Amino acid sequence: MSRAGLKFGIQLASQGLYEITFYHSYSLLLPTQWNEAETAQFEKIEAKRILENLIKFVAAVYRSIGVERGKTNCVVEKGVMPERDIMEYASYNNFDLICMSTHGAGSRLERLWGTNTGNLVNYSGVPVIAVPSGYKPLPITNILYASDLQHVEMEFPKVVDFSATMQADIELFHLKAGGEKTYSGDTLSKTLKKLSTLKIDVDIKDLEPDESVSAAIQKRIKKKKPSLLVMFTNRNKNWFQRIFQSSHAEQYSFHPKIPLLVYRKPDIVQRESPLHSVPL
């Protein structure tokens with residue numbers, strides 16, 4: 001289990017007064033010659049051991065960052081596919097967010113395809129925060145919302161709800177392709193400011209002909225230094241393939257170094273996740 005995701009979750013909970021659950025899905029290899037009673041006894045012992053280790057690990061992380069522990073819960077469950085187990089647990093228990101580290105894939109988000117975090121981002125109905133490995137938690141003070149302006153009137157309230165718990169400023173950033181007709185920055189800014197008392201900035205820029213979307217967002221992050229990047233998945237396309245897989249000769253690596261919060265588009269008719277087609 002990566003400390004980066006835990007540290008960010010702890011920081012987020014301390015700012016937004018969230019209740020936090022530390023969840024771990026595990027699998028066991030069992031000898032085929034064991035009878036039912038032996039198997040049940042072993043599983044009981046292992047579940048207790050794994051839970052105790054999780055509790056100790058969480059306590060150590062709290063001590064390492066000097067944050068007072070609020071209301072928390074530690075849960076371990078035996079499963080087959082961690083990402084599916086996490087999605088089902090979060091959905092069934094009505095969690096607001098899932099927080100995961102990119103540990104194991106590196107911090108470059110293109111490498112997330114096929115990993116637990118990547119699958120969660122692509123298929124989870126519960127919003128997912130992907131935390132770069134090695135990230136050091138800081139207070140969330142400003143949020144960059146990179147938007148395609150499709151259904152922004154339905155998306156923006158979600159960003160506001162999240163930001164309001166921490167009183168974080170919001171910047172909406174849109175990259176306009178050549179010939180695209182869209183809102184003017186002033187008009188959109190006036191409209192959005194009616195929805196919140198938070199500080200809201202709007203910036204609509206033309207995408208350079210030879211520049212990828214990921215490169216432009218990367219530049220914006222470097223310039224504005226936001227605490228968090230927020231994006232919404234695009235309809236009917238793999239989100240990472242659409243946004244972060246460059247079609248140019250140079251394969252630009254999207255490496256934001258800040259947590260990424262991903263929501264599903266509110267009006268999408270969800271297709272069944274291929275994760276649910278895997279037999280237990």
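Which residues of H7 are buried? A few notes on this predicted model, starting there.

1. On H7, the buried set is Ser214, Ala215, Ala216, Ile217, Gln218, Arg220 and Ile221. The helix itself covers residues 213-224, twelve in number, and spans 16 Å from first C-alpha to last, close to the 16 Å expected at 1.5 Å a residue. Right after H7 comes Lys225, with a positive phi of about 50 degrees.

2. Now the sheet. It's open, has seven strands and mixed pairing, and the order is E3-E4-E9-E8-E5-E6-E7. At the edges sit E3 (98-101) and E7 (200-206), each pairing on one side only. From one strand to the next, the twist averages 20 degrees. H7 packs on this sheet, touching E5 (142-146), E6 (169-176), E7 and E8, and its direction is at about 150 degrees to that of E6.

3. Have a look at E8 (residues 228-232) and E9 (residues 260-263): they run parallel and are joined by four bridges. Val230 stands opposite Leu261 in E9. Apart from neighbours within four places in sequence, Val230 contacts Ile143, Leu144, Tyr145, Ala146, Val159, Leu261 and Tyr263.

4. Then the cores. The largest nonpolar core has 30 residues, and Val230 is among those with the most contacts inside it, along with Tyr145, Phe156, Phe162 and Leu172. H5 (residues 152-164) gives the most to this core, five residues. There's also a second, separate core of 24 residues, which includes Leu144, Ile217, Leu229 and Met231. Ile217 ties back to point 1, being one of the buried residues of H7.

Methods. Residues are numbered from 1 along each chain as its sequence is written. This is a predicted model: local features need pLDDT of at least 70, side-chain atom pairs count only at pLDDT 80 or more; totals for chains, interfaces and linings use all residues. Side-chain values use heavy atoms; hydrogens and water are left out. Helices (H or I, at least four residues) and strands (E, at least two) are DSSP runs, numbered from the N terminus. The expected span of a helix is 1.5 Å times one less than its number of residues. Buried means under 20% relative accessible area, exposed over 50%, partly exposed in between (1.4 Å probe, protein chains only). A nonpolar core is a set of buried Ala, Val, Leu, Ile, Met, Phe, Trp, Tyr and Cys residues joined through side-chain atoms within 4.5 Å. Contact means heavy atoms within 4.5 Å. Two strands pair if DSSP finds at least two bridges between them. Axes are lines fitted to C-alpha atoms, for helices over the stretch in contact, and angles run from 0 to 180 degrees between N-to-C directions.
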